[in-house]
Amino acid sequence: TKASSPRHFLDIKDHSTETLRHILTLAARVKALQQGRRHPLCPGQPLAGRALGLMMSRPSTRTRVSFEVGMKQLGGTVNVLAPSDMQLGRGESIADTARVLSRFLDVIVLRTGKDANLRELARWSSVPVINGLTPISHPVQILADILTFEEHRGPITGKKLAWIGDGNNVATSMIEAAARLGFTLHLATPEGEFTPSETAVQWARDNGGDIRLTHDPKEAAAGADAVITDTWVSMGDEDAEKRLRLFRPYHVDETLMALASPQALFMHCLPAHIGEEVSKAVFESPASIVFDEAENRLHAQKGLLLWCMEKDDLSAYQG
Ligand code: CP
Ligand code: NVA
């Protein structure tokens, strides 16, 4: 058992600007160190002997593979745990599961359809727990997004980003990042249940975030340095037909992109649904950095894993 509390990563807002910047710097350093090498193993294998448990109770391509490959490149091992294959699926409690896994593992990633499950796991785990997406937030996605934006456009502080579409999990983590990293976020969502979480918006504003809300995608996109969207039907959403109808005006196409800054980037966490939230022309355009974002999931996860496991002394990752 550990004396100090584990370095969980459950939400962007839980961490200071300094900690978030530190994780991003670690990610960029490890990426630079490994670039151009014939094989991508991180020099020094900083996580040798450490074990990651990857608990995914919902589908995942990027989060799953980037954590698995990233952990292995850092020298660690990975156990992919489908909750339905565990005793958890037969009613063993999250509290007991967390206390048992903490005796075997050094870090746990959980993707769950129930946000409370993540909080419960973190409460009982004595090793760091990382949020691999819940219906409420997706903080690890945002680390990769910031890394990617800054690679293309320099510091995000002071920039304006437009969010077009559903104000759910990814949007919430982006709202929190806007406050912590000092950029303007203008969100255009349909009315009602699709508007961003009031709690997240209030928190961000209380913490200096410039969060603007509208139902008009043109207003949000105006002059933006990046236009971001997400799927219209998230995992667990059962009202697809209604969503596809209500979200129609939030389709990101070249007409909308033309209202943004001439250098505006297009970003999307993926998976994308071409013809729904984004047109093929925009998705495939030079402005689109969606595959850089996907690649940076790997580098961001590595920075995060090093921080969570307290192997985060920057001097260890110099070129
Ligand atoms: N963006 C993202 O989290 O993708 P996966 O659902 O494939 O992990
Ligand atoms: N909002 C999407 C993100 C997928 C990475 C979902 O929750 O399904």
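## Two helices at a slant: helix 5 and helix 6

Helix 5 and helix 6 are oblique to each other, because their axes cross at roughly 55° and an angle counts as oblique when it is neither under 35 degrees, nor over 145, nor from 65 to 115. The axes come within 9 Å, and the crossing is right-handed. Keep in mind as you explore that this is a predicted model.

Which residues of the two helices meet? Pro139, Gln141, Ile142 and Ile146 come from helix 5, while Val170, Ser173, Met174, Ala177 and Leu181 come from helix 6. Sorted by class, this contact has seven nonpolar residues, two polar ones and no charged ones.

## The five-stranded sheet

Now find the open sheet of five strands, whose order is 7-6-5-8-9 with parallel pairing. Strand 7 (210-214) and strand 9 (265-268) are at the edges; each has a single partner strand, so one side of each has no neighbour in the sheet. On average, neighbouring strands here are turned by 20° against each other, direction ignored.

Look at one pair in more detail. Strand 5 (residues 160-164) and strand 8 (residues 226-229) run parallel and are joined by four bridges. Trp163 has Ile228 of strand 8 opposite it. You can also place helix 6 (residues 169-181) here: it lies across strand 5, strand 6 (184-188) and strand 7, and runs at about 155° to strand 6.

## The four-stranded sheet

A second open sheet has four strands in the order 2-1-3-4, and its pairing is parallel too. Which strands are at its edges? They are strand 2 (77-81) and strand 4 (129-131), each of which pairs on one side only. The neighbouring strands of this sheet are turned by 20° against each other on average, direction ignored.

Strand 3 (residues 107-111) pairs with strand 4 in the parallel sense over three bridges. In one of these places, Val109 has Ile130 of strand 4 as its bridge partner. Helix 2 lies across strand 1 (51-56), strand 2 and strand 3, and it runs at about 175° to strand 1.

## Helix 2 meets helix 12

Helix 2 (residues 62-73) also packs against helix 12 (residues 290-308), with an angle of about 50° and axes 8 Å apart. That angle makes helix 2 oblique to helix 12. Helix 2 passes helix 12 in a right-handed crossing.

On the helix 2 side, the contact is made by Arg62, Thr63, Ser66, Phe67, Val69, Gly70, Met71 and Gln73; on the helix 12 side, by Ala294, Arg297, Leu298, Gln301, Lys302 and Leu305. This contact has six nonpolar, five polar and three charged residues.

## Around the two ligands

What surrounds ligand 1? Its neighbours are Ser60, Thr61, Arg62, Thr63, Arg64, Leu133, Gln141, Cys269 and Leu270. Helix 2 gives the most to this shell, with three residues. By class, the shell of ligand 1 has three nonpolar, four polar and two charged residues.

Ligand 2 is surrounded by Leu133, Asn168, Asn169, Val170, Asp230, Thr231, Ser234, Met235 and Cys269. Its shell divides into four nonpolar, four polar and one charged residues. As you compare the two lists, look for Leu133 and Cys269, which appear around ligand 1 and around ligand 2.

Note on methods:
Residues are numbered from 1 along each chain as its sequence is written. Chains are lettered from A and ligands numbered from 1 in the order in which they are written. This is a predicted model: local features need pLDDT of at least 70, side-chain atom pairs count only at pLDDT 80 or more; totals for chains, interfaces and linings use all residues. A residue is near a molecule or strand if its C-beta atom, placed from the backbone, lies within 6 Å of it. Ala, Val, Leu, Ile, Met, Phe, Trp, Tyr, Cys and Pro count as nonpolar, Asp, Glu, Lys and Arg as charged, and the others, Gly among them, as polar. Axes are lines fitted to C-alpha atoms, for helices over the stretch in contact, and angles run from 0 to 180 degrees between N-to-C directions. A crossing is left-handed if the near helix is turned anticlockwise from the far one by less than a right angle, and right-handed if clockwise. Two residues are in contact if their C-beta atoms, placed from the backbone, lie within 7 Å. Two strands pair if DSSP finds at least two bridges between them.
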